Amino acid sequence: MAEETKIGVVSCSGEDCLGGTISRLATRKMMDEIRPDHTVTICLPLFLAGGQEERMFAKEYPTIAVDGCSKACAKRATEKYSGKVNSVVFVSDLIGGEMAESPALSTRDLTAEHRAMVDKVAAEVTRQFDVILSANCKEPTASKASSCGCGCNCG
Ligand code: SF4
């Protein structure tokens, strides 16, 4: 069986705005529900504070930045300290800039509309995630009849 690929999902820490809230919740959903066996989340504050384990992981494995807005804090921090990210999901592109800039919410105050936003962002992260997994598959699909086991959904 092929070695399982891990992908780092780095959320911005936007504490001030809804875009940051949605970004963090979508990232959490990747790890808890959608791709738990392949997702590694990286704590941005620890990363910025010099966490060597986080920085090494982001150097050695593919990463997706999830940013609340076009200031792209998660992408910029990852690229400054580790290396180029494989892709970026901008929450503001998916829920609208005005909505992303509205005040942050506590998770207990989330409405059905907010949860739908989390699902929409998580769906886009998942789409990009699966593209990266397939690109990193160590066993080309054409050479086998069933899934290779690395998590790329081939076979
Ligand atoms: S990317 Fe935007 S929402 Fe996220 S921390 Fe930076 S400024 Fe805040």
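## An unusual backbone angle at Ala 72

Let's start in the loop between β3 (63-67) and α4 (73-81), where Ala 72 is found. This is a predicted model, and in it Ala 72 has a positive phi of about 55° although it is not a glycine. That is worth a second look because most residues other than glycine have a negative phi.

Is Ala 72 buried or exposed? Its relative accessible area is 8%, and the cut-off for a buried residue is under 20%, so Ala 72 counts as buried.

## The sheet and its order

Now for the strands. Four of them make an open sheet in the order β2-β1-β3-β4, and the pairing is parallel. At the edges are β2 and β4 (87-90), each of which pairs on one side only. From one strand to the next, the twist averages 25°.

Which strands does β1 pair with? One partner is β2, joined to β1 in the parallel sense over four bridges. Within that pairing, Ile 7 has Thr 39 of β2 as its bridge partner. To get from β1 to β2 the chain passes through α1, and this β-α-β crossover is right-handed. The other partner is β3, again parallel and over four bridges; here Gly 8 is matched with Thr 63 of β3.

## Strand β1, enclosed by the rest

How many of the five residues of β1 (residues 7-11) are buried? Five of the five are, so the strand is largely enclosed by the rest of the structure.

In a regular strand the side chains alternate between the two faces of the sheet. For β1, you can follow this residue by residue: Ile 7, Val 9 and Ser 11 point one way, while Gly 8 and Val 10 point the other way. The residues on both sides of β1 are buried.

## The largest pocket

If you like looking for empty space, the largest pocket has a volume of about 310 Å³. Its lining has 17 residues, and the closest to the pocket centre are Gly 14, Cys 17, Cys 69, Lys 71 and Cys 73. Two elements give two or more residues to this lining, namely α2 (44-49) and α6 (97-101). The largest share comes from α6, with three residues.

What is the make-up of this lining by class? It has eight nonpolar, five polar and four charged residues.

## The second largest pocket

The second largest pocket has a volume of about 190 Å³. Among the residues that line it are Ser 11, Cys 12, Ser 13 and Glu 15, along with Arg 24, Thr 27 and Arg 28. The lining also includes Thr 41, Ile 42, Cys 43, Leu 44 and Pro 45. Ser 11 is worth picking out, since this lining residue is also one of the buried residues of β1.

Which elements give two or more residues to the lining of the second largest pocket? They are α1 (18-34), β2 (39-42) and α2. Of these, α1 gives the most, with three residues. By class, the lining of this second pocket divides into five nonpolar, four polar and three charged residues. One element, α2, turns up in both accounts: it gives two or more residues to the largest pocket and two or more to the second largest.

Technical notes
Residues are numbered from 1 along each chain as its sequence is written. This is a predicted model: local features need pLDDT of at least 70, side-chain atom pairs count only at pLDDT 80 or more; totals for chains, interfaces and linings use all residues. Side-chain values use heavy atoms; hydrogens and water are left out. On a 1 Å grid over the protein atoms alone, a cavity is a set of points where a 1.4 Å probe fits but cannot get out, and a pocket is an open set with protein on both sides within 12 Å along at least five of seven lines; lining residues have an atom within 4 Å of a point. Grid points are joined across faces, edges and corners, and a volume is the space filled by probe spheres set on the points. Ala, Val, Leu, Ile, Met, Phe, Trp, Tyr, Cys and Pro count as nonpolar, Asp, Glu, Lys and Arg as charged, and the others, Gly among them, as polar. Buried means under 20% relative accessible area, exposed over 50%, partly exposed in between (1.4 Å probe, protein chains only). Two strands pair if DSSP finds at least two bridges between them. A crossover is right-handed if, with the strands pointing away from the viewer, the path from the first strand over the helix to the second runs clockwise. Axes are lines fitted to C-alpha atoms, for helices over the stretch in contact, and angles run from 0 to 180 degrees between N-to-C directions.
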